[in-house]
Amino acid sequence: LMDSNSNEEYFTSYEELSVHELMIKDKPRTDSYLKAIESNKELIKGKVIMDVGAGTGILSMFAARAGAKKVYAVEASKMARIARKLVEDNQLSHIIDVHECRVEDLVLDDQVDIIISEWMG
């Protein structure tokens, strides 16, 4: 188990915008996630989705555009603030709720149907 200092270091490492820029600019990677979500629209449409470790919220936005009823974007780092702004700029605030917390600390009144996550980093 990680101690609180290790947790802090881990989540802080994802606050650098350059880390996310590299991932988003990796076209094969980003296109693969988009294709996976778009090719499963029938599974996503009308569902409640949770994006764990949402980062910039790109997967959340893909899910919202694929027809998700609600998306909970959960990001423990301060990157959640940028994700929230990106969601607003893309007019998806009515579908996506961005939460700046660890997923273990999130309490929802909703049942989640599908969990998405890019756990590889």
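Which helix gives the most to the lining of the second largest pocket? To find out, let us walk through this predicted model, starting with the overall fold and then moving to the helix in question.

The chain has six helices and four strands. Following the sequence from its start, you meet them in the order α-α-α-α-β-α-β-α-β-β. Of the 121 residues in the chain, 36% are buried.

Now turn to helix α5, which spans residues 58-65. Six of its eight residues are buried, so α5 is largely enclosed by the rest of the structure. If you would like to pick them out in the model, the buried residues of α5 are Leu59, Ser60, Met61, Phe62, Ala63 and Ala64. Just past the end of the helix, look for Gly67, where phi is positive, at about 110 degrees.

Next comes a neighbour of α5. Two packed helices are described by the angle between their axes and the distance between the axes. For α3 and α5, the angle is about 30 degrees and the axes lie 9 Å apart. Angles under 35 degrees count as roughly parallel, and α3 and α5 are therefore roughly parallel to each other. Their crossing is right-handed.

The two helices also meet again in the second largest pocket, where α3 (27-38) and α5 each supply at least two residues of the lining. This brings us back to the opening question: α5 gives the most to that lining, with four residues. The second largest pocket has a volume of about 180 Å³. Its lining is made up of 12 residues, and the closest to the centre are Ile58, Met61, Phe62, Arg65 and Asn90. Two of these names will be familiar, as Met61 and Phe62 are among the buried residues of α5. Sorted by class, the lining of the second largest pocket has seven nonpolar, two polar and three charged residues.

Asn90 is one of the residues closest to the centre of the pocket, and a last stop in this part of the sequence is Gln91. Where does Gln91 sit? Gln91 belongs to the loop between α6 (79-89) and β3 (96-100). Its backbone deserves a look too: phi of Gln91 is near 50 degrees, a positive value in a residue other than glycine. Is Gln91 buried or exposed? The cut-off for exposed is over 50% relative accessible area, so with a relative accessibility of 59%, Gln91 counts as exposed.

Definitions and conventions:
Residues are numbered from 1 along each chain as its sequence is written. This is a predicted model: local features need pLDDT of at least 70, side-chain atom pairs count only at pLDDT 80 or more; totals for chains, interfaces and linings use all residues. Side-chain values use heavy atoms; hydrogens and water are left out. Buried means under 20% relative accessible area, exposed over 50%, partly exposed in between (1.4 Å probe, protein chains only). On a 1 Å grid over the protein atoms alone, a cavity is a set of points where a 1.4 Å probe fits but cannot get out, and a pocket is an open set with protein on both sides within 12 Å along at least five of seven lines; lining residues have an atom within 4 Å of a point. Grid points are joined across faces, edges and corners, and a volume is the space filled by probe spheres set on the points. Ala, Val, Leu, Ile, Met, Phe, Trp, Tyr, Cys and Pro count as nonpolar, Asp, Glu, Lys and Arg as charged, and the others, Gly among them, as polar. Axes are lines fitted to C-alpha atoms, for helices over the stretch in contact, and angles run from 0 to 180 degrees between N-to-C directions. Angles under 35 degrees count as roughly parallel, over 145 as roughly antiparallel, 65 to 115 as roughly perpendicular and the rest as oblique. A crossing is left-handed if the near helix is turned anticlockwise from the far one by less than a right angle, and right-handed if clockwise.
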